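Subject: Structure handover

Hi there,

Here is the structure I promised to pass on to you. Please open it alongside this email, and have a look around before you read my notes.

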Amino acid sequence: MAQKLFLLCLFWMCSTAYAIEVTDLYEATLVVDDKTRATRARASQDALDQVIKKLTGKAGNGDHPLIKKSKRRISDYMLKYEYIEHIEGELKIKVRFEAEKVEKLVRDSGFGLWGNRRPLIAIWLAIEDNLRRDFVTQESYPQLERLIYDTAAEWGVPVVVPLMDLTDRSQVGIAEVWGNFSEPVEAASARYNAERVITGRLFKQPNTSRWQLDWRYTDADMFESVQLVGDKQQLLISMVNEMSSALADEYVIDPNKSYATNSTVITVDGLRTFDKVERAKRQLLTISTVSSVDVVYRNKEQVQFEVEHMSSVSDLQKSLKLEQSFEVYVDPRAFHQVASSSNLRYSWVGQQ
């Protein structure tokens with residue numbers, strides 16, 4: 001709970017954030033029966049599968065021949081491991097891998113890579129249970145809320161389930177989420193700085209024991225939602241799996257374009273001091289596909305950076321879209337965006 005509140009505080013403080021930097025992509029935690037070497041080896045292999053799933057946005061890539069072969073020498077990829085013992089007697093092992101080695105393994109296997117900047121998804125979920133409707137929160141349905149977070153963590157997708165405190169309830173009621181009234185839900189989601197917003201309603205089908213989950217993005221073009229039927233817990237897992245897989249399809253770097261190093265010049269307005277130039281340079285270097293950044297031109301109004309990156313220009317644009325410090329430049333006279341594959345111009349909106 002303390003960790004979640006800390007993360008929420010970060011979301012509220014970063015009022016211009018468009019994405020979250022995921023810091024645990026190269027580690028996985030699993031339940032184990034004991035601390036024997038054989039158990040640790042099996043758990044480490046399973047942990048590598050989980051890390052590859054987070055990096056590629058696809059399940060099942062661990063069965064690739066090259067990856068299966070790498071598991072025979074799993075220690076070559078491991079950075080460290082530690083055991084976590086819970087009061088109730090549950091034993092877990094946390095395994096962390098070397099980022100460069102695992103990324104090379106993914107690339108050599110022909111899979112695309114999903115960078116560490118990922119959109120934050122707000123999930124507003126209403127449930128009808130015994131003819132009573134309520135929000136899924138940590139207080140009302142802690143197991144369901146925990147299931148959402150745990151499933152999203154397996155994909156490395158940052159999500160937030162709104163607190164539904166007085167601030168949230170003053171803007172959004174059950175009717176707005178149940179009917180997917182996008183405007184008030186999106187307005188309330190601004191508090192959490194969510195890049196995308198999902199609403200869902202979970203209820204039991206009449207005269208059956210089966211549950212139905214209808215969910216959709218609030219900014220979807222059509223009102224029709226995704227409809228799932230089955231076990232209550234499995235429905236939530238399926239929703240998060242589908243959501244995460246779709247996001248990966250949008251943001252994973254095409255492996256056919258990621259081998260060669262490309263050089264791209266981008267122009268950034270608003271960098272009027274040396275300190276801001278250095279901040280922008282460091283921010284660009286945090287993008288997972290960027291290998292180097294150099295200043296090639298500077299005047300009082302703007303700076304041009306030459307960016308060396310292991311991706312296509314369009315993939316670099318995708319990554320910049322998720323950066324909170326850069327916004328696509330808008331010409332104040334023409335009122336239209338001028339950034340394109342041949343004219344990459346941005347405004348600096350980072351720390352002033």
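Below is what I found, starting with the overall make-up and moving on to helix packing and a few single residues.

**Overall make-up**

Please keep in mind that this is a predicted model. The secondary structure comes to 11 helices and 16 strands. The protein has 352 residues, of which 46% count as buried. If you look at contacts between residues at least 6 apart in sequence, 66% of them join residues at least 24 apart.

**Helix packing**

Three helix pairs are worth a look, and two of them involve α2.

Start with helix α2 (residues 37-56) and helix α4 (residues 99-108), whose axes are 11 Å apart and pack at an angle of about 70°. Angles of 65 to 115 degrees count as roughly perpendicular, so α2 and α4 fall into that class. Their crossing is right-handed. On the α2 side you will find Leu48, Val51, Ile52, Leu55 and Thr56, which meet Val102, Leu105 and Val106 of α4. Sorted by class, the residues of this contact are 7 nonpolar and 1 polar, with no charged ones.

Helix α2 also packs against α5, here at an angle of about 85° and with the axes 6 Å apart. This pair is therefore roughly perpendicular as well. Gln50, Lys53 and Lys54 are the α2 residues involved, and they meet Ala153, Glu154 and Trp155 in α5. The contact of α2 with α5 divides into 2 nonpolar, 1 polar and 3 charged residues.

The third pair is helix α5 (residues 142-155) with helix α9 (residues 232-251): their axes come within 9 Å and cross at roughly 35°. This crossing is right-handed. From α5, the contact takes in Leu144, Leu147, Ile148, Thr151, Ala152 and Trp155; from α9 it takes in Lys232, Gln233, Leu236, Ile237, Val240, Asn241, Ser244 and Ser245. By class, that gives 8 nonpolar, 5 polar and 1 charged residues.

**Lysine 232**

Lysine 232 deserves a closer look. It sits in helix α9 and is part of the contact with α5 just described. Is lysine 232 buried or exposed? Its relative accessibility is 17%, and the cut-off for buried is under 20%, so lysine 232 counts as buried. Not counting residues up to four places away in sequence, lysine 232 touches Ile127, Leu144, Leu202 and Trp211. Leucine 213 is 19 residues away from lysine 232 in sequence, and the two C-alpha atoms are 8.2 Å apart in space.

**Two asparagines with positive phi**

Most residues other than glycine have a negative phi. Asparagine 130 has a positive phi of about 55° although it is not a glycine, and asparagine 180 also has a positive phi of about 55°.

Where do these two lie? Asparagine 130 is in the loop between β6 (121-129) and β7 (132-135), while asparagine 180 is in the loop between α7 (174-178) and α8 (182-189). Their surroundings can be told apart by accessibility. Asparagine 130 is exposed, with a relative accessible area of 72%, whereas asparagine 180 is buried, with a relative accessible area of 7%.

**Threonine 199**

Asparagine 180 leads on to threonine 199, as a polar contact of 2.3 Å joins the side chains of these two residues. You may want to inspect that distance yourself in the model. Threonine 199 belongs to strand β9 (residues 196-204) and is buried, with a relative accessible area of 2%. Leaving aside neighbours within four places in sequence, its contacts include Trp124, Val177, Asn180, Val185 and Asp214, and also Trp215, Arg216 and Thr218.

**Serine 325**

Last on my list is serine 325, found in the loop between α11 (313-321) and β15 (326-328). Although serine 325 is in a loop, it counts as buried at 7% relative accessibility. Which residues is serine 325 in contact with, leaving aside its neighbours within four places in sequence? They are Gln283, Ser347, Trp348, Val349 and Gly350.

Over to you, and happy browsing!

Best wishes

Conventions:
Residues are numbered from 1 along each chain as its sequence is written. This is a predicted model: local features need pLDDT of at least 70, side-chain atom pairs count only at pLDDT 80 or more; totals for chains, interfaces and linings use all residues. Side-chain values use heavy atoms; hydrogens and water are left out. Helices (H or I, at least four residues) and strands (E, at least two) are DSSP runs, numbered from the N terminus. Buried means under 20% relative accessible area, exposed over 50%, partly exposed in between (1.4 Å probe, protein chains only). A polar contact is a pair of N or O atoms within 3.5 Å; within protein, one must be able to donate a hydrogen and the other to accept it, and residues adjacent in sequence count only if both atoms are side-chain atoms. Contact means heavy atoms within 4.5 Å. Axes are lines fitted to C-alpha atoms, for helices over the stretch in contact, and angles run from 0 to 180 degrees between N-to-C directions. Angles under 35 degrees count as roughly parallel, over 145 as roughly antiparallel, 65 to 115 as roughly perpendicular and the rest as oblique. A crossing is left-handed if the near helix is turned anticlockwise from the far one by less than a right angle, and right-handed if clockwise. Ala, Val, Leu, Ile, Met, Phe, Trp, Tyr, Cys and Pro count as nonpolar, Asp, Glu, Lys and Arg as charged, and the others, Gly among them, as polar.
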